[in-house]
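User: Please take a close look at the paired charges in this model and at the parts that hold them. I am new to this structure, so go step by step.

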Amino acid sequence: MSQRESETGETAGTGKLSSWPLFVALGLAVGEVGVVMAVYPLAIGGLVLFAGSVAGILTESGYAERPWRALTALSGLFVLLGLVVVWTQTGTELSTVQSALASTDTVVLRGFSITGAGVVSFAAGLAGSSITETGRAA
Amino acid sequence: MAGEQLALTVLMGVFLVGVVSLVSRMENLRAYAPLTSGDAGYGDSAATGHKPSGLLRWLTTVDHKDIGILYGVYATVAFVWGGLAVMLMRVELTTPALDVLGSTGVYNGLLTSHGITMLFLFGTPIIAAFSNYFIPLLIGADDMAFPRINGIAFWLLPPAALLIWAGFFLDPLTGGTVEAAQTSWVMYAPLSAEQANQGVDLMLLGLHLSGISATLGAINFIVTIFTERSPDVNWANLDIFSWTILTQSALILFAFPLLGSAIIMLLLDRNFQTAFFAVNGGSPILWQHLFWFFGHPEVYILVLPPMGLVSWILPKFSGRKLFGYKFVIYSTLAIGVLSFGVWAHHMFSTGIDPRIRASFMAVSLAIAIPSAVKTFNWIATMWNGNIRLTAPMLFCIGFVANFVIGGITGVFLAAIPIDLVLHDTYYVVGHFHWIVMGMIAFAAFGAIYYWFPIVTGKMYQKRLAKMHFWLSEIGVVITFFAMLLLGYLGMPRRYATYEFNGLIAPLSQVTTLHQVATLGAFIILFAQIIWVFNLVQSYLEGPVVETEDPWDLKETGQYSREFEWFAEQLDSTDDDAPALAADGRGEPSDD
Amino acid sequence: MSSRTFDRETLLDLIVNAIPLAMMAFFVGVFVLYNPFGTDIANQAIQLSIVVITFSALVLLTYFSARAISNAEAELKADPEEFAEPQAAAADPSELTSSDESHGETAATGRDEHVDDESVEAEPTDEEPTDAE
């Protein structure tokens, strides 16, 4: 990414296109449908896409230098939100949360899908930052 | 079930990988100029040559003009959908029995879809099309304050439309287990809370997304108009369209989040056993209060910008300035404030306390004044003017004429005793269609014709445009006047079939009036076919506009900023042969 | 809204909002003095607050917008050059005369401006400005 940045930097001042808005919108839409309609793959995929695109758009517009910290922060938010949803059904005791993993209660499953999206985004953030850290030297 | 989930997971994974690869490809095309608040200064025409071509350009653009065009195309598609839905309904109503659609459920689904599509997917976006394209040009800004948020606001709309219409698509696919929502656009509880159909959930999610989109757009316009004005534009010479968009955006900011919250409460009621709108819980009337606290400002959200468009365009063809510029501004602001104090006039017949009802009547009658003031301003502007009956002007005059009827029928409805008689009849339907079709759509048509040369660089076919106007106006009068009469006869809204006790009204009379309304609807349909044909044909083959002043505005000293910008575009493309192609205008906009 | 804050011209413009305000004030008077529906403290409180809150909000918004607009007008009058349309410089010199008041609304004096238009021919024409076909 950083190499391309310098390549296209010469035409600076255009800035009239961005690939992120489409995916922010799509991620939000798919994630929302997934969570509410209890379609877990859509929930996780949509929320991951949303988190990634938000991190991307923040970086692109200069609010963040690199996307990974924003991604990690959002993933933390999702994990927390998901756990809150689960806790509404189980209480905060660890043992009940563990036993809820086997639950078929749709609210619990929705909570876990949000948490799952957080975990995936967190992993993506870690992977991304480590890969580009090495790539940056070049 | 597990297999389906697995397949979906794999599909989702493939999709995400696709997104990642596409995005990394895009990095090649994109300059990394960080721009917050549009201060990167890319408004100069020299920079416009760097857009990617074809579909990719339209998917990735954050240019306010491109987004404006996208909004316009989107709104047109929605207009076609909503229009075809209502044609089916009108055909069904030509006979008292259920002869055409096969089931009342289909009629109810079409009714819901027509209302929501026209208000949320046509009305709001067509206004956003003009405001996105022209507000930055009119106030001398480079672009919107937040170009990327502008992009997000638009791209939330296509998924919103798909979700709102999802019931129609999923009905055949799921063998009828998911149907089109049959809640009507007001989604009154307990009906909306108790329909098990998942199409309702999908529709609510789509509406929620369109609400987010409108809110993002509103924030963007408020910030743009406050902070991005060129130094020589201040509150005393800000154009009237920007004033109305500013007021509209403020209304959106207060109204739409409330709709979003109410929709979430309804979704919770439907899926998570809460009791916000249950009879033994928060009460169904709570929904009506929440909905109309959004819903009435929504009426003005839809109608203020068209009033601004007419206030902007009508003087251009009257050869004189808008009469009472500041009257129009103050009355616009007054409408904005008062619109939040009138919501329960939609609920006069729900049995709320008569004292409270009287208060809402008082404010509803008061709001008629600023609306009427504008009418007199427009008429006074035309008075003794040098009127040129171009297609945009015809639509503006039609707008004023339709507003007189649509507006005054509304004043009657604001009075409690009259409302109790006419509530839930076709009189109400006739009243708001005079406004929505006769004003909002007419102003949109007028503005499309007025700015067609700027947006496309071509001129439309004038004879077809005038045919479009006359057929539309005649169709509007026939259809909606018949509806007012049907209302007097007591024909209730929202029914696919009708049966009358002869003591109330002779059935044959009601049937005849329904047939007249259907005839008018077909005239309107025919007019819109001409309109779409004219736009597409003129876009592709129309004569290229060479002059920077296609409307001869300089003669009357009304040449304005957007045409200055157009002149700059013409100048900058004089060197390269294809006119305006540098801005990607040669690309077809159908994506 | 003392006349020191706003000049006569602005006060005249504000009449447009004074009318709905007067209507609401009238209804408040009717509700309090005539009280047609009997006494019920809770409902009367809601009844009056709907009108009174709307009334106050309209007064506030009218006041602040009028102040913003009249200040902006003072700026326009003080320095008309700065607020001239940029096109005057960009356009051909020959067009300067016709385009100097291009923004219909730049006129600071408001309605008086319309008088000059009466010299314009009142006869409506059917002609379109450019040739389409």
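Analyst:
**Paired charges and their surroundings**

Glu60(A) has a relative accessibility of 2%, so the residue counts as buried. The cut-off for that word is a relative accessible area under 20%. The model is a predicted one, and what follows describes that prediction.

What does Glu60(A) meet in a salt bridge? Its partner is Arg148(B), and the N to O distance is 2.3 Å. Glu60(A) belongs to helix H3 of chain A, residues 40–60, while Arg148(B) belongs to helix H5 of chain B, residues 147–155, so this pair joins two chains. Arg148(B) has a relative accessibility of 8%, which means that this residue is buried as well. As a general point, side chains of opposite charge can pair when their charged atoms come close.

The helix around Arg148(B) is worth a look. H5(B) is mostly covered, with 8 of its 9 residues buried. Next to Arg148(B) in that set stand Pro147(B), Asn150(B), Gly151(B), Ile152(B), Ala153(B), Phe154(B) and Trp155(B). On the other side of the pair is chain A, which has 138 residues, 50% of them buried. Chain A contains 6 helices and 0 strands, and its order along the sequence reads α-α-α-α-α-α.

The pair between chains A and B is part of a longer list, since the structure holds 10 salt bridges over all chains. Another lies within chain B, where Asp201(B) and Arg270(B) form a salt bridge with their closest N and O atoms 2.8 Å apart. Asp201(B) sits in helix H8 and Arg270(B) in helix H9 of chain B, 69 residues apart, and the pair thus links distant parts of the chain. Asp201(B) has a relative accessible area of 3%, so this residue is buried. Arg270(B), at 13%, is buried too, because the cut-off is 20%.

A further pair in chain B consists of Asp232(B) and Arg561(B), whose side chains meet in a salt bridge with an N to O distance of 2.9 Å. Asp232(B) is in the loop between H8 and H9 of chain B and Arg561(B) is in helix H18, residues 561–573, so the pair ties together parts that are 329 residues apart in sequence. The relative accessible area of Asp232(B) is 9%, and the residue counts as buried. Arg561(B) is buried at 6%.

Chain C takes part in a network. Lys326(B), Asp13(C) and Glu73(C) are linked there by salt bridges. Chain C has 133 residues, and buried residues make up 34% of them. Its 4 helices come with 0 strands, in the sequence pattern α-α-α-α.

The helices H8 and H9 of chain B return when one turns to the empty space inside the model. Rolling a probe the size of a water molecule over the atoms shows where empty space is left. How many cavities of 30 Å³ or more does this give? The count is 6, and the largest cavity has a volume of about 190 Å³. A total of 19 residues line the largest cavity, and those closest to its centre are Thr124(B), Ala128(B), Ser213(B), Ala214(B) and Ile252(B).

Which helices supply at least two residues each to that lining? They are helix H4 (104–138), helix H8 (198–227) and helix H9 (240–271) of chain B. H8(B) gives the largest share, 7 residues. By type, the lining divides into 12 nonpolar residues, 7 polar ones and no charged ones. H8(B) thus holds Asp201(B) of a salt bridge and also supplies residues to this lining.

The surface of chain B offers a contrast to the buried pairs. Val404(B), Ile405(B), Ile408(B), Phe412(B), Ile418(B), Val477(B), Phe481(B), Leu485(B) and Tyr488(B) form a nonpolar patch there, with about 730 Å² of accessible area together. Helix H13 (391–414) and helix H16 (462–488) of chain B are the elements that give two or more residues to the patch. Val477(B) lies in helix H16. Its relative accessible area is 34%, so Val477(B) counts as partly exposed, whereas Glu60(A), at 2%, is buried.

Technical notes:
Residues numbered from 1 in each chain as written. Chains lettered and ligands numbered in written order. Predicted model: local features only at pLDDT ≥ 70, side-chain atom pairs only at ≥ 80, totals over all residues. Heavy atoms only, no water. Patch = residues over 30% accessible without salt bridge, like charges linked within 9 Å, V, L, I, M, F, W, Y side chains within 5 Å. Areas by Shrake-Rupley, 256 points an atom, 1.4 Å probe, with all protein chains shown as cover. Salt bridge = Lys/Arg side-chain N within 4 Å of Asp/Glu carboxyl O. Buried < 20%, exposed > 50% of the residue type's maximum accessible area, 1.4 Å probe, protein only. 1 Å grid on protein atoms, 1.4 Å probe; cavity = no way out; pocket = protein on both sides within 12 Å on 5 of 7 lines; lining within 4 Å. Points joined across faces, edges and corners; volume = space filled by probe spheres on them. Nonpolar A, V, L, I, M, F, W, Y, C, P; charged D, E, K, R; others polar.
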